[in-house]
Amino acid sequence: GLFLQACPPASAQTNRLLLDGLAARVNGRPVTVGDVMLFVEPVRRQLARNYAGDEYKSRLEKAFQEALAALIERRLILDAYAAQDLKIPDWAIDQRITEIVHEEFQGDRAALLRALAQDRLTFEQWRYEVRDQLVVASMRQSYVGDLVVIAPQAARTVYEQNREKYQAPAQVRLRVIELRKGETAEATAARRRRIEDLLSRVRAGEDFEALVRQHSEGSRAAEGGDMGWMDPAMCRRELVDAVRDLKAGDMSGIVETQDGWFLVRLEGRKEPAPRDFEGVRVEIERELRNQEADRLYQSWVQGLRSHASIETFDVELQ
């Protein structure tokens, strides 16, 4: 979400007590364990699917602390907004709600209300949440986004100092025949004999692309097995290894994987090549803007922290 990001822990003395379900107090107002767990719930579900025992608990605790830090920051920003004169008008909140209904519920307001009922939220509670999101976004734009400035020569300097980083990666172009293993040992043995026969036919001079179209079970069979230009890191390791020492036009032997066999012909190879500055200027400027925005954001939030009262409490997660 908008606010869940890894942030430094609150610089406050931590009590060893789990106090009335409190995770923190910011300027005297509570951030409850329930607030944090609601925020972290999508992550918790994912962790529960992938981990168990101590590993699950460790990762959940880390996610909890990140969410708590994000909620503390959010509360600090909302308090700073409350202390200023400029306010977001009601029509801007209503306009954002209309956009959400259009984008996420195809314009069906009743569908929104049903979704809120499932989450046990009233429309007014949700409207406050939308308002808070707008507040945080507008405050961040005012105190961070509008202040980001990149020196005219900065991108060129980064490019000159990191030319090796801004290279077009190595690429390979493969053409493959693929046969999948069978459901039974007998079917698998028959498939193995078929791939051996296809290898013999290619070596005897039959047209590789024609054999692909007639026999391959791969997703690119209709294109003659052409997989297009690819970064080797994005291709199956077994296939890359099979063509490592081949020249363009050469074919591998039978390549066996866990689920099938391949015959691979190397169509071409491109070595890493420098990209000119204009080709990467926008990418570098985006990186520099993101770095500067992050620096300004951390500085801004640290300033808010220094003028705030923040207490955090140790929470024993179940």
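## Helix packing in a predicted model

Ala-210 is partly exposed, with a relative accessible area of 28%. That value lies between the 20% under which a residue counts as buried and the 50% over which it counts as exposed. Please keep in mind that the model you are looking at is a predicted one.

Ala-210 belongs to helix α8. If you follow the chain 11 residues along from Ala-210, you arrive at Ala-221, and the C-alpha atoms of these two residues are 9.6 Å apart.

**The partner of α8**

Helix α8 spans residues 208-215 and packs with helix α7, residues 185-203. The angle between them is about 155°. Angles over 145 degrees count as roughly antiparallel, so that is how α7 and α8 are described with respect to each other. The crossing in which α7 passes α8 is right-handed. On the α7 side, the contact is made by Arg-194, Leu-198, Arg-201 and Val-202, and α8 brings Phe-208, Leu-211, Gln-214 and His-215. Sorted by class, this contact has four nonpolar residues, two polar ones and two charged ones.

**A second helix pair**

Helices α3 and α5 also pack, at an angle of about 105°. Angles of 65 to 115 degrees count as roughly perpendicular, and α3 and α5 are therefore roughly perpendicular to each other. From α3, the residues in contact are Asp-90, Ala-92, Ile-93, Asp-94, Arg-96, Ile-97 and Ile-100. They meet Phe-123, Trp-126, Arg-127, Val-130, Arg-131 and Leu-134 of α5. In this contact, eight residues are nonpolar and five are charged, with no polar ones.

Here are the two pairs in one place:

| Helix pair | Residues | Angle | Distance between axes |
|---|---|---|---|
| α7 and α8 | 185-203 and 208-215 | about 155° | 10 Å |
| α3 and α5 | 90-105 and 123-143 | about 105° | 10 Å |

**The chain as a whole**

Now let us step back to the full chain. It has 10 helices and 10 strands. Its radius of gyration is 29 Å, whereas the globule rule gives 20 Å for 318 residues; the chain's value is well over that, so the chain is more spread out than a compact globule. Along the principal axes, the C-alpha atoms fill a box of roughly 80 × 55 × 45 Å.

How much of the chain counts as buried? Of the 318 residues, 35% do. As for contacts between residues at least 6 apart in sequence, 72% of them join residues at least 24 apart.

How values were computed
Residues are numbered from 1 along each chain as its sequence is written. This is a predicted model: local features need pLDDT of at least 70, side-chain atom pairs count only at pLDDT 80 or more; totals for chains, interfaces and linings use all residues. Side-chain values use heavy atoms; hydrogens and water are left out. Axes are lines fitted to C-alpha atoms, for helices over the stretch in contact, and angles run from 0 to 180 degrees between N-to-C directions. Helices (H or I, at least four residues) and strands (E, at least two) are DSSP runs, numbered from the N terminus. Angles under 35 degrees count as roughly parallel, over 145 as roughly antiparallel, 65 to 115 as roughly perpendicular and the rest as oblique. A crossing is left-handed if the near helix is turned anticlockwise from the far one by less than a right angle, and right-handed if clockwise. Contact means heavy atoms within 4.5 Å. Ala, Val, Leu, Ile, Met, Phe, Trp, Tyr, Cys and Pro count as nonpolar, Asp, Glu, Lys and Arg as charged, and the others, Gly among them, as polar. The radius of gyration is taken over C-alpha atoms; the globule rule is 2.2 Å times the number of residues to the power 0.38. Buried means under 20% relative accessible area, exposed over 50%, partly exposed in between (1.4 Å probe, protein chains only).
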